[in-house]
Amino acid sequence: MDLKEIQNLIKFVAKSGASEVKLEMDDVKITIKTGSDERETTILQQVPMQAAPQMQQPVQQQQAPSPQQQENTASGGDATGGQEDKGYLTIKSPIIGTFYRKPSPDKDAFVEVGDSVKVGDVLCVIEAMKLFNEIESEVSGKIVKVLVDDSSPVEFDQPLFLVDPS
């Protein structure tokens, strides 16, 4: 859509008496709102596919560790759990979605506690918007702990695995 077509659309909406019109095409989204004082407000923006979820992630990220901290406190004690984790590397979720340990329900898990992994090994998949994204290890070492249950929702930057790099 060029500028001339947008201007014609604004004029048409103003004459029609509609209070709001939304138009979406490919990567362009246009919203035209008319106020009660007959003034026109036009919003024109490019809409990247992942922009909105990324803006919301930091708020949700702050809430995600709280239940996990409660689990650590309940299962192993606060002081012990904190000291154990210091020598390990944490593999975190690069996206928001649903965490799966297996490639399909009838297959074995990608990795188990005690397995050795190297850079590039697939650790899990995260489903986001009907797409299954393989999460690969960025470190070499031994899986010490799986921090998320299978088929659980995960947030951006949420810890998934603890790896002993030695």
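In the predicted model, Ser116 has Lys142 of strand β9 as its bridge partner. The pairing to which this residue pair belongs is that of β6 with β9, two strands that run antiparallel and are joined by two bridges. Strand β9 is also joined to strand β11 (residues 159-164), again in antiparallel fashion, and here the number of bridges is four. Within this second pairing, Ile143 is matched with Val163 of β11.

The strand β9, which spans residues 141-146, is preceded by a loop that separates it from β8 (131-136), and Ser137 lies in this loop. With a relative accessible area of 3%, Ser137 is buried, the value falling under the 20% limit that defines this class. A polar atom of the Ser137 side chain lies 2.5 Å from the backbone oxygen of Val139. When neighbours within four places in sequence are left aside, the residues in contact with Ser137 are Ile91, Val117, Lys118, Val119, Gly120, Asp121 and Leu123.

Two of these contacting residues, Lys118 and Asp121, also meet each other through their side chains, in a salt bridge with an N to O distance of 3.7 Å. The two partners of this salt bridge fall into separate accessibility classes, since Lys118 is exposed, with a relative accessible area of 52%, whereas Asp121, at 22% relative accessibility, counts as partly exposed. Ser137, itself buried, is thus in contact with both residues of this charged pair.

The count of salt bridges in the model comes to two, and the other pair is formed by the side chains of Glu112 and Arg101, for which the N to O distance is 3.2 Å. Both residues lie in the loop between β5 (97-100) and β6 (116-117), so the salt bridge ties together parts that are 11 residues apart in sequence. Glu112 is partly exposed, its relative accessible area being 40%, while Arg101 counts as buried at 18% relative accessibility. The assignment of Arg101 to the buried class follows because its value lies under 20%, and that of Glu112 to the partly exposed class because 40% lies between the limits of 20% and 50%.

Strand β6 thus follows the loop that holds Glu112 and Arg101, and through Ser116 it takes part in the antiparallel pairing with β9, the strand that is in turn joined to β11 by four bridges.

How values were computed
Residues numbered from 1 in each chain as written. Predicted model: local features only at pLDDT ≥ 70, side-chain atom pairs only at ≥ 80, totals over all residues. Heavy atoms only, no water. Salt bridge = Lys/Arg side-chain N within 4 Å of Asp/Glu carboxyl O. Buried < 20%, exposed > 50% of the residue type's maximum accessible area, 1.4 Å probe, protein only. Polar contact = N/O pair within 3.5 Å; in protein donor to acceptor, adjacent residues only side chain to side chain. Contact = heavy atoms within 4.5 Å. Pairing = 2+ DSSP bridges.
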